[in-house]
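Hi,

Here is the structure I said I'd pass on. Have a look at it first, and my notes follow underneath.

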Amino acid sequence: MKIAKILPAAALALAALSITSCSNKKFHINGEIADAKDSTLFLENMSLNGPQVIDSVKLGEDGTFAFDQKATDAPEFYRLRIAGQIINLSIDSTETVEVKASYPTMTSQYEVKGSDNCSKIKELALMQLNLQYQINAVAASQDLDIKATADSIGRVLGTYKDFVKRHYIFKEPMKSYAYFALFQTFVWNGAQTLIFNPRSNKDDVKVFAAVATSWDVYHPKAERGQNLHNIAIEGMKNVKIIENQIAQSQIDASKVQVSNILDIALPDNNGHTRHLTELKGKVVLLDFHVFATKESMPRIMKLRELYNKYHAQGLEIYQVSVDPDEHFWKTQTEALPWICVRDADGIGSPNLVQYNVQGIPTYFLINKENAIYKRDAQIKDLDAEIRSLL
């Protein structure tokens with residue numbers, strides 16, 4: 001089973017699969033959302049490609065609602081939503097879950113009864129909101145440079161991950177709330193990223209494997225458990241590849257920045273793997289980019305000017321996107337003439353670590369010998385530097 005999508009474009013993404021049940025048993029979600037008269041309340045299943053609406057109701061004066069749906073053979077995940085306000089829930093069987101909240105503060109202020117898993121998910125969701133608040137505060141600080149900002153955010157994330165692992169995931173890995181915790185996200189530099197990185201972080205891969213193993217025991221043959229296994233296995237392979245590359249290269253970070261190159265091999269917007277090292281003989285502008293930011297369009301226009309001016313003379317642009325939404329990225333790059341690839345690991349990618357990327361956007365100039373010439377902080381006149389290398 002492929003795991004191409006483990007970060008759907010949902011506020012709290014979950015790797016959900018299709019719902020199947022061979023019985024007529026049902027679960028129930030009811031309650032009230034105050035101050036939401038005439039608003040539409042949606043019940044959504046969190047699918048692999050994002051939320052899928054399975055029921056809805058227009059709320060009246062008292063805000064009461066009741067949803068009944070077929071129970072599934074394994075734990076499943078849902079959310080209640082009004083506009084951008086959401087409440088995440090999990091359903092294990094035929095339980096009845098009661099929710100009370102007010103609009104428009106239902107995401108951060110609600111009551112839930114009837115499900116210990118839903119209560120734990122509420123705790124995790126509120127902690128996630130607080131984590132994002134801390135990250136935003138660090139990122140907005142005027143007293144920190146790029147490296148200090150990244151280090152501070154790394155410490156905040158590390159503290160959060162350690163707490164969640166000990167008190168939620170490893171405590172009861174067979175539970176729905178442990179599964180939910182695996183797919184929480186944070187936003188930094190315009191990119192939405194998984195808090196636990198199952199693609200290349202060795203410790204995080206172990207966390208996914210622990211939940212996968214537990215689901216094998218408590219939910220045998222469940223598609224979610226199989227999906228977790230696939231994610232963990234893929235992550236183990238990636239970790240091994242990275243370790244081998246580091247062991248073979250034996251290049252310290254300072255040399256990588258200015259005098260050598262490590263290959264990047266990522267799929268372009270047509271699905272073809274493009275290697276940075278295949279561009280030897282050309283002058284290459286290696287650009288790390290996020291399209292989902294307001295700075296993107298002016299930067300793309302400047303790159304177009306350079307490309308149109310120097311491509312015929314031997315300039316190539318190899319642009320690495322860390323946008324979380326693959327469809328959005330493909331839409332943004334379909335008319336661009338240079339090499340556009342996407343790193344699905346986002347800002348947690350080992351490619352960013354290897355190139356010591358401390359902030360995005362950033363770029364490197366690579367000479368015709370396929371060696372790094374300079375990075376953006378060392379360049380005063382990009383146009384002149386490109387001409388000197390051609």
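Salt bridges first: searching the whole of this predicted model turns up 14 of them. Glu-44 and Arg-81 make one, with their closest N and O atoms 2.9 Å apart. Glu-44 belongs to strand β2 (residues 40–47) and Arg-81 to strand β5, so this bridge ties together parts 37 residues apart in sequence. Both Glu-44 and Arg-81 are buried. There's a bit more going on here, as shared partners join Glu-44, Arg-79 and Arg-81 into one network of salt bridges.

Another bridge runs between Asp-345 and Arg-199, where the closest N and O atoms are 3.3 Å apart. This pair links distant parts of the chain, 146 residues apart: Asp-345 is in the loop between β15 (339–342) and α9 (350–354), and Arg-199 is in the loop between β10 (191–194) and α4 (202–218). Asp-345 counts as buried because its relative accessibility is 14%, and Arg-199 is buried too, at 15%.

Then there's Lys-100 with Glu-98, at 3.8 Å between the closest N and O atoms. Here the partners are partly exposed: Lys-100 has a relative accessible area of 36% and Glu-98 comes in at 30%.

On to the aromatics. The count is 10 aromatic pairs. Phe-27 and Tyr-78 have ring centres 5.1 Å apart and planes at 45°, so they go down as tilted. That pair also links distant parts of the chain, with Phe-27 in strand β1 (residues 26–34) and Tyr-78 in strand β5 (residues 76–82), 51 residues apart. Phe-27 is buried at 0% relative accessibility, and Tyr-78 is buried at 2%.

Phe-65 and Phe-67 are tilted as well, since their planes sit at 40°, with the centres 5.7 Å apart. Phe-65 is buried with a relative accessible area of 5%, while Phe-67 is buried at 1%. Elsewhere, ring pairs link Phe-77, Tyr-179, Phe-183, Phe-208 and Trp-215 into a cluster. You may also like this one: the charged end of Lys-122 sits over the ring of Tyr-110, 5.2 Å from its centre.

Last, a residue to click on: Thr-96, in strand β7 (residues 96–102). Thr-96 is partly exposed, at 40% relative accessibility. Its C-alpha is 5.9 Å from that of Phe-27, though the two are 69 residues apart along the chain. Leaving out residues up to four places away in sequence, Thr-96 touches His-28, Asn-30, Lys-113 and Gly-114.

Cheers

Technical notes:
Residues numbered from 1 in each chain as written. Predicted model: local features only at pLDDT ≥ 70, side-chain atom pairs only at ≥ 80, totals over all residues. Heavy atoms only, no water. Phe/Tyr/Trp six-rings, centres within 6.5 Å; stacked < 30°, edge-to-face > 60°. Helix = DSSP H or I, 4+ residues; strand = E, 2+ residues; numbered from the N terminus. Buried < 20%, exposed > 50% of the residue type's maximum accessible area, 1.4 Å probe, protein only. Lys NZ or Arg CZ within 6 Å of the ring centre and 35° of its normal. Contact = heavy atoms within 4.5 Å. Salt bridge = Lys/Arg side-chain N within 4 Å of Asp/Glu carboxyl O.
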